[in-house]
Structure formats: structure tokens, C-alpha cells
Amino acid sequence: WLAAQASEVVVSPSGEVGSIGVFAVHENMARALAQKGVDVSLISAGKYKTEGHPFGALDETARAAIQANVDAHYRAFINAVAAGRGVGAAVVQENFGEGRMLRAEPALGAGMVDRIESMPALLARLAAAPGAGGRRRSRFAFAFM
């Protein structure tokens with residue numbers, strides 16, 4: 001999300017970028033607690049305050065609410081990356097890994113990064129750039145692995 005907002009995104013030859021996706025986790029701890037002899041009582045106010053608690057199974061209403069949140073965050077993520085990379089949301093959703101990481105070459109081919117470059121080469125290029133030495137401000141991201 002952050003790197004996509006940079007004016008240039010560079011990845012090292014052995015680097016990976018991506019993982020554009022969102023997930024949530026629900027753990028049902030009921031059996032583990034029962035085996036330890038622990039009974040849990042939830043006391044709350046508000047219809048949904050204890051929705052999704054880890055002391056029992058996740059019901060369909062809670063699952064749907066959590067999924068709606070995940071979907072909303074995913075849309076925001078996709079839209080922010082699309083705006084930063086100057087492409088449509090569909091391009092990001094279909095070509096930017098769908099939650100997977102992409103190695104440097106496929107990431108470049110998909111438009112996720114602007115170039116593949118080693119850290120020493122990147123630093124040399126930046127040092128030689130006009131305005132180097134702190135006189136120019138630029139937004140820049142470098143993914144290194």
C-alpha cells in the first residue's frame with residue numbers, strides 16, 4: 001500500500017512484492033477451554049458486542065459481518081494501490097498477485113514495480129541524480145529481499 005504511492009518502486013533482483021489482500025482470523029477456543037475445565041460467560045451490552053468471540057463457533061451472521069469488513073478493507077487496499085500505480089482497480093485485482101507475492105521479473109511485467117535494481121546500483125543512481133545530496137525531495141520506495 002505504502003510503496004505503491006511512491007514516485008518510483010524498485011525491487012532487488014531477488015526481491016518479491018505483493019501480498020495485496022486482506023484476511024481475518026477467528027479461533028474457536030471452546031474445545032481447548034473445555035478440556036481445561038474452563039467455562040466462559042460473556043456479559044455484554046449491544047447486540048453485536050460479543051460477535052465473533054473466540055469462545056464458540058462463528059455463526060453465519062458474524063461470519064458475514066467479518067467478511068464484509070474484509071471485503072471493504074480489500075477494496076480500499078486495491079483502490080489505493082491502483083491510484084498510486086496509475087492503473088485501474090481491476091488491473092491490480094487481476095494482475096498484482098491476488099494475495100500472493102510476485103518475484104521481481106513477474107512484478108515488473110505486471111506493472112507492480114518500475115525497475116529491478118540492486119541496492120548498490122540504486123544508491124549509485126540516486127547519488128548521481130540531479131539534486132542529489134538532500135537538495136531535492138522525492139517520494140521513493142525500495143523493496144529489498
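Helices and strands here are DSSP runs, a helix having at least four residues and a strand at least two, numbered from the N terminus. With that in hand, let's walk through this predicted model.

**Stop 1: the whole chain**

Start with everything shown as a cartoon. You should find five helices and five strands, arranged along the sequence as β-β-α-α-α-β-α-β-α-β. Now turn the view along the principal axes: the C-alpha atoms fill a box of roughly 65 × 35 × 30 Å. The radius of gyration is 22 Å, whereas a compact globule of 145 residues would have one near 15 Å. Of the contacts with a separation of 6 or more, 70% are between residues 24 or more positions apart.

Switch on the surface next. About 9800 Å² is exposed, with carbon and sulfur atoms supplying 54% of that area. Buried residues make up 24% of the chain's 145 residues.

**Stop 2: Glu98**

Select Glu98, which sits in the loop between helix H3 (89–95) and strand E3 (101–103). Is Glu98 buried or exposed? Its relative accessibility is 59%, so Glu98 counts as exposed, the cut-off for that class being over 50%. Look at the backbone too: phi of Glu98 is near 50 degrees, a positive value in a residue other than glycine. Most residues other than glycine have a negative phi.

**Stop 3: Ser19**

Ser19 also has a positive phi, near 65 degrees, and is not a glycine. To find Ser19, go to the loop between strand E2 (16–18) and H1. Ser19 is partly exposed, at 36% relative accessible area.

**Stop 4: Arg85**

Move to helix H2 and pick Arg85. With a relative accessible area of 16%, Arg85 is buried, because buried means under 20%. Which side chain does the side chain of Arg85 meet in a polar contact? Show Asp114: the two side chains make that contact at 2.9 Å. Then display the rest of the surroundings. Beyond its neighbours within four places in sequence, Arg85 is in contact with Ala4, Val9, Phe96, Gly111, Met112, Val113 and Asp114.

**Stop 5: a nonpolar patch**

Finish on the surface by selecting Met29, Val38, Val40, Leu42 and Phe55, which together make a nonpolar patch of about 360 Å². Center on Phe55 and trace the backbone either way: this residue lies in the loop between helix H1 (30–35) and helix H2 (60–85). Phe55 counts as partly exposed, at 35% relative accessibility.

Conventions. Residues numbered from 1 in each chain as written. Predicted model: local features only at pLDDT ≥ 70, side-chain atom pairs only at ≥ 80, totals over all residues. Heavy atoms only, no water. Patch = residues over 30% accessible without salt bridge, like charges linked within 9 Å, V, L, I, M, F, W, Y side chains within 5 Å. Areas by Shrake-Rupley, 256 points an atom, 1.4 Å probe, with all protein chains shown as cover. Salt bridge = Lys/Arg side-chain N within 4 Å of Asp/Glu carboxyl O. Buried < 20%, exposed > 50% of the residue type's maximum accessible area, 1.4 Å probe, protein only. Rg over C-alpha atoms; globule rule 2.2 N^0.38 Å. Contact = heavy atoms within 4.5 Å. Polar contact = N/O pair within 3.5 Å; in protein donor to acceptor, adjacent residues only side chain to side chain.
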